[in-house]
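Biologist: Could you take me through one part of this model in detail? I'd like the chain contact, and then the ring pairs.

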Number of protein chains: 4
Amino acid sequence: MTIHDRMERLTQKLAAQCRHIDRKSIEAFIKAIINSKKIFIHGAGRSGLAGRAFAMRLMHLGFKVHYVGEVTTPPIHKNDLYLAISGSGRTSSVVILAKTAKSKGAKLVLLTSHPDSPLGALADLKVVIKGRELTKGRSSDYLARQITGTHDVTAPLGTLFELGAMVFFDSVIEELMIRKNKTENELRTLHTNLE
Amino acid sequence: MTIHDRMERLTQKLAAQCRHIDRKSIEAFIKAIINSKKIFIHGAGRSGLAGRAFAMRLMHLGFKVHYVGEVTTPPIHKNDLYLAISGSGRTSSVVILAKTAKSKGAKLVLLTSHPDSPLGALADLKVVIKGRELTKGRSSDYLARQITGTHDVTAPLGTLFELGAMVFFDSVIEELMIRKNKTENELRTLHTNLE
Amino acid sequence: MTIHDRMERLTQKLAAQCRHIDRKSIEAFIKAIINSKKIFIHGAGRSGLAGRAFAMRLMHLGFKVHYVGEVTTPPIHKNDLYLAISGSGRTSSVVILAKTAKSKGAKLVLLTSHPDSPLGALADLKVVIKGRELTKGRSSDYLARQITGTHDVTAPLGTLFELGAMVFFDSVIEELMIRKNKTENELRTLHTNLE
Amino acid sequence: MTIHDRMERLTQKLAAQCRHIDRKSIEAFIKAIINSKKIFIHGAGRSGLAGRAFAMRLMHLGFKVHYVGEVTTPPIHKNDLYLAISGSGRTSSVVILAKTAKSKGAKLVLLTSHPDSPLGALADLKVVIKGRELTKGRSSDYLARQITGTHDVTAPLGTLFELGAMVFFDSVIEELMIRKNKTENELRTLHTNLE
């Protein structure tokens with residue numbers, strides 16, 4: 001299998017994964033973003049990187065958005081949105097801050113592969129991206145089975161969830177451009193010039 | 001167009017984009033990684049996030065890898081690899097540190113959409129991901145035209161390059177797992193347990 | 001009061017604060033660092049910045065050190081040292097990861113103003129820097145009272161603890177240079193050249 | 001020499017260092033902060049950590065402040081302030097972004113030990129903290145000589161500059177509290193509750 005084959009397969013997996021996201025939860029997600037006063041985003045590891053990429057584009061769209069842990073992030077309050085990103089739904093540092101956010105009155109939105117999880121139990125809104133699922137006690141690859149009919153150990157660990165999160169977020173950004181009537185040039189105007 | 005349509009189109013664009021990556025440059029990229037003593041990765045903005053995601057997986061594979069700017073990143077030397085990620089090939093902070101890396105004797109590898117650029121001129125090896133291209137003085141969408149035949153303003157700014165970089169990197173990770181004969185469980189063993 | 005007066009007073013406060021650090025705990029702290037296999041450091045907000053500054057110098061001294069949350073940080077194991085920095089001793093994200101570190105068999109060292117705290121209860125070794133103390137239910141300034149005899153609202157929030165932590169850490173670095181017989185030039189050799 | 005002696009000496013050095021900061025430059029620094037529309041801060045390594053600590057407190061005081069490189073940092077414009085922190089005045093990544101900031105019309109303020117440097121030549125305002133000075137081609141310790149009369153190799157590399165920067169910044173914060181009539185409780189109200 002060449003790298004080109006791998007890239008092709010990976011994009012197919014991402015496409016298949018995205019088809020499974022519940023339509024109503026997507027619409028609720030977009031509305032929650034538009035109606036929030038401020039948006040706070042948090043995740044650990046590569047999920048956190050997907051969250052940072054989303055935060056940057058939301059800023060380009062004019063939203064008041066903060067990534068949790070950055071030095072200029074203010075406190076969270078009622079009417080703010082807290083987006084937690086965790087494939088397993090049980091990453092301890094993500095759970096603990098999500099609890100705090102909820103205790104301050106924020107709306108808790110969760111992006112996860114596992115809605116039946118500690119974070120799932122806390123969340124006001126869940127968007128589920130399949131990613132890996134645990135089958136019979138060991139990690140398996142849901143989408144590989146869907147596509148190839150075989151067990152396939154590629155796309156290791158949280159790869160599918162993390163890339164799927166990025167594709168989902170960037171599609172939401174396109175939709176928000178349309179709903180807020182923003183052109184690419186308007187986004188560019190808010191893109192940092194300090195790089 | 002629904003969000004599901006957008007996600008489908010975005011994954012198609014990513015697939016088309018990946019098909020254009022030169023096969024020989026991919027093989028040289030993989031060899032450069034395997035043969036380096038240490039790997040340093042740098043990019044600005046969302047390109048930097050893609051670089052961080054790649055760095056984490058390389059660490060899981062047992063490579064000595066550092067993201068430039070983190071507090072425990074050591075100096076770079078001869079026989080080390082420096083991976084610069086810049087869609088435009090001209091991000092000033094990326095150019096300046098790539099120059100330093102090269103002056104210290106490191107091999108400079110560039111991931112870019114624009115090989116005819118200041119970074120392209122410096123690089124020992126270039127991997128080109130199309131992303132956006134500038135046509136007739138204004139930003140256009142290369143891949144959208146390939147697929148839909150129309151000019152399409154979606155996937156704003158560097159989105160296609162950044163997501164394409166992530167798909168490329170994660171496919172390289174799969175290949176490195178095979179060449180280094182690493183199972184997913186071995187990667188898990190090196191995944192941080194502090195999350 | 002001029003800024004020069006303020007800087008003078010702040011350095012006096014730092015000096016007074018440092019005099020109160022228990023001698024035996026300092027020696028145990030230095031031994032713990034020298035005898036650890038790997039060192040992991042974590043703190044939130046400005047305490048985390050002090051921790052990052054310390055991590056960088058430990059790397060310059062040749063220690064295997066990682067700041068928790070950076071993308072190339074590996075898992076923690078037995079015989080590793082986990083340094084948690086928290087003035088209050090109860091910062092939730094710091095507590096939760098310290099628990100994890102301890103459950104993996106690492107030695108938990110705590111830098112705090114409040115040894116009678118959740119983190120204090122977990123720690124194998126505590127180094128106490130006075131900083132602010134809560135007197136009669138409201139925050140007061142321990143050291144200001146020591147020096148000026150009056151209640152003084154300057155050095156707001158955790159400032160004294162955070163600056164005190166930095167002075168303490170940098171004094172430990174000097175001591176480690178001597179015990180490990182390292183010259184400044186040897187440190188410079190390990191200082192990143194990518195800035 | 002005990003660690004207590006080292007901490008005592010280090011705080012004395014910091015105090016001596018702070019006494020040398022020019023009074024007029026301090027006043028101009030405070031005015032520049034108060035009169036700016038937005039504040040952008042940048043530094044490399046431990047100087048960058050000092051900058052982040054300052055950024056956080058300025059946010060607590062209600063200023064619009066951004067640390068360069070964080071994902072939600074917007075573009076810089078005319079009437080904004082750009083604070084570059086570099087002991088040597090020649091850190092390449094700091095120089096290149098300071099140039100960009102100036103080209104966009106921002107006021108460039110520099111904290112440095114070396115006003116006769118590339119950054120010094122660019123800056124609209126310089127605040128000089130002695131730190132180390134290069135004497136006769138090799139690094140020496142200005143303040144150690146002032147205090148002890150001997151050459152002293154402790155406080156390695158940029159330690160004095162970095163700690164001095166933090167003491168200076170935190171003294172400026174105290175002064176800004178008074179000028180903006182802010183109590184500690186008001187700062188606490190803007191302190192993040194997500195830790």
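Modeller: Here is a walk through the contact between chain C and chain B, followed by the aromatic pairs.

First the ground rules: this is a predicted model, where local features need pLDDT of at least 70, side-chain atom pairs count only at pLDDT 80 or more, and totals for chains, interfaces and linings use all residues. Residues are numbered from 1 along each chain as its sequence is written, chains are lettered from A and ligands numbered from 1 in the order in which they are written, and side-chain values use heavy atoms, with hydrogens and water left out.

On to the interface. Chain C puts 28 residues into the contact and chain B also 28 residues, contact being heavy atoms within 4.5 Å. About 2200 Å² is buried between the two, with carbon and sulfur atoms giving 67% of that; buried area is the accessible area (1.4 Å probe) that two parts lose on being put together, summed over both. In chain C, the residues that lose the most area to chain B are Val71(C), Asn193(C) and Leu194(C), together 33% of what that side buries.

As for polar links, there are 6 residue pairs in polar contact between chain C and chain B, both residues at pLDDT 80 or more. That term takes a pair of N or O atoms within 3.5 Å; within protein, one must be able to donate a hydrogen and the other to accept it, and residues adjacent in sequence count only if both atoms are side-chain atoms. H3(C) gives the largest share of the side of chain C that touches chain B, with 4 residues; helices here are DSSP runs (H or I, at least four residues), numbered from the N terminus.

Now the rings. Over all chains the count is 20 aromatic pairs: rings of Phe, Tyr and Trp (its six-membered ring) with centres within 6.5 Å, called stacked with planes under 30 degrees apart, edge-to-face over 60 and tilted for the rest. Phe29(A) and Phe169(A) are stacked, at 6.4 Å centre to centre and 25° between the planes. Phe29(A) sits in helix H2 (residues 23–35) of chain A and Phe169(A) in helix H7 (residues 159–179) of chain A, so the pair ties together parts 140 residues apart in sequence. Both Phe29(A) and Phe169(A) are buried, meaning under 20% relative accessible area (1.4 Å probe, protein chains only). In chain D, the rings of Phe29(D) and Phe168(D) have centres 5.2 Å apart and planes at 50°, so that pair is tilted.

Definitions and conventions. Helices (H or I, at least four residues) and strands (E, at least two) are DSSP runs, numbered from the N terminus. Buried means under 20% relative accessible area, exposed over 50%, partly exposed in between (1.4 Å probe, protein chains only).
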